[in-house]
Amino acid sequence: MGETNTTNKTTVLELLNIDKSFPGVHALDDAHLDLRRGEIHALVGENGAGKSTLMKVMTGIYTADQGEIIYNGASVHFHGPKEAQEAGISIVHQELNLMNHLTVAQNIFIGREAKGFLLRDGLINEAAEKLFRQLNVNIHPTDEVGKLTVGKQQMVEIAKAISFESSVLVLDEPTAALTNAEIRELFRIMYELRENGVSMVYVSHRMDEIMEISDRITVMRDGKYVVTLNTPETNLDEIIHAMVGRTIYEEPKTMNSVPPDAPVVLEIKNFQSKEVKDVSFKLHRGEILGLAGLMGAGRTEVARLIFGADKLSKGEIIINGQRVHIRNPRDAVGAGIGYLSEDRKRFGLATGLSVFDNAVMAHLDSFVTRGIVDDAKIRSTAAEYIEQINIRTPSGNQLIRKLSGGNQQKVVIAKWLIRNCDILIFDEPTRGIDVGAKSEIYTLMNDLAKSGKSIIMISSELPEILRMSDRIVCMCEGKLTGILDIQDANQEIIMKYATMRSGGESADAV
């Protein structure tokens, strides 16, 4: 763990008795948080627990309906994020707020002409270079932001926050889109900032990271404060129970649950593309087949080839014993394949439409009679699945973007169930989803497999692969390096195959 002793450190900021309501939603109910100087304080809770709302109150984005903010011993009231920044409180949002066409230095100092930065390239480049030296980060001030990796863009956001001489820094889901190497670099910077007296609030669903990086953990549930725990003195079970109000425990699978005589519903043979090199495997009825590998292994590329989103250079797709030609996603859907993209908001949902509309989107033609959309049939069908898979929404008319991540994912699943797809591809199905919602998604996937649906699951989380899979396909740099039965798999063996770059053992694609 990276914790340090914060017991005797000064409290730099307190949020006391914070209430915040929006139309129809009591988002914060007597919430509070105290932050000590030079600590990393994790803020956790399920989607909808109020974490982001509380941070937006703290950083001046929202105004509390009730409550008080005490900063450096004095009561403060921020009229916007700019006031909070100038006072030394900054936030790095999950959705990065950068202008891709500008340089790194221009992004850091834009809007501060009145503070002595005239946006002369020489001056701001020199100031940005000083910041990156301070952070020990290799980014050039004149680099165009849009050409940087997500990890480096995250560092630019942090540098921007530090440039305000921030003493309090909020990091909201900072590792969601980072590689393992970029996460290690972020943690190194956080440790250095902590040593320099900067106080950080770290908002994340990734419990392993929270246990590693934090000094204390505050848990919220349903907009309310639950408990604050010292990280070295707690454990995952205690934290999760505080988050969800119940014990969640799922053992990894130890045996393949698919009958030996289960028919093959999907076979891909000799898949070849720019990123994929001669990949073959089979999927059986009622099976959850995990695709494991490091970033760049080619897992998502294989899924997109199956679904017709990318073009095969060579290879065959056989469904229920018949060779099929899938030229585009429409062909794939017609063949009974549903695809839950790793980026559900971009590829899986129409965020400006309702839950009802999103749920029936893949099968809309069946709700049209003589050119007229049958709204009553849409509502009744979607409502059936909302109840069946426990989608939490005030109503089916609710805009999809207002649901939590876990409930949005369930709507995508409902979309393919309404379409009656027998083969489902789940690409990072629990990314950005809290532990309670993860458990519900796992239960739903297992229930689908038991009902005869067949699932290909791509996940970067090895515990998830081991918990859910009947068999595991391992890939490295576009190649299939091994296929493991779950009883023969563990994290070490999977990593061996996931790093088998060349000349590795052959795998039997059955």
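In this predicted model, the side chains of glutamate 185 and arginine 188 meet in a salt bridge, with a distance of 2.7 Å from N to O. Both residues belong to helix α6, which spans residues 180-195, and they lie three residues apart, about one turn of the helix. Glutamate 185 is partly exposed, its relative accessible area being 27%, and arginine 188 is likewise partly exposed, with a value of 22%.

Arginine 188 also takes part in a salt bridge with glutamate 192, where the distance from N to O is 2.8 Å. Glutamate 192 and arginine 188 are four residues apart in helix α6, so about one helical turn separates them. With a relative accessibility of 32%, glutamate 192 counts as partly exposed. Arginine 188 is thus paired with glutamate 185 and with glutamate 192. In general terms, side chains of opposite charge can pair when their charged atoms come close.

A further salt bridge is formed by arginine 304 and aspartate 310, whose closest N and O atoms are 2.9 Å apart. Arginine 304 is partly exposed, with a relative accessible area of 25%, and aspartate 310, at 29% relative accessibility, is placed in the partly exposed class as well. Elsewhere, Asp34, Glu39 and Arg216 are joined into one network by salt bridges that share partners. The count of salt bridges in the model comes to 17.

Lysine 51 presents a charged residue without such a partner, since it is buried yet has no salt bridge, and the nearest side chain of opposite charge, that of glutamate 173, is 5.9 Å away. Because a salt bridge requires a side-chain nitrogen of Lys or Arg within 4 Å of a carboxyl oxygen of Asp or Glu, the distance of 5.9 Å between lysine 51 and glutamate 173 does not qualify. Lysine 51 is found in helix α1, which covers residues 51-58. The side chain of lysine 51 reaches the backbone oxygen of glycine 45 at a distance of 2.9 Å. When residues up to four places away in sequence are not counted, lysine 51 touches Leu43, Val44, Gly45, Glu46, Val203, His205 and Met220. Gly45 is therefore one of the residues that lysine 51 touches, and the backbone oxygen of this glycine is the atom that the lysine side chain reaches.

Notes: Residues numbered from 1 in each chain as written. Predicted model: local features only at pLDDT ≥ 70, side-chain atom pairs only at ≥ 80, totals over all residues. Heavy atoms only, no water. Helix = DSSP H or I, 4+ residues; strand = E, 2+ residues; numbered from the N terminus. Buried < 20%, exposed > 50% of the residue type's maximum accessible area, 1.4 Å probe, protein only. Lys, Arg positive; Asp, Glu negative; His and termini not counted. Polar contact = N/O pair within 3.5 Å; in protein donor to acceptor, adjacent residues only side chain to side chain. Contact = heavy atoms within 4.5 Å.
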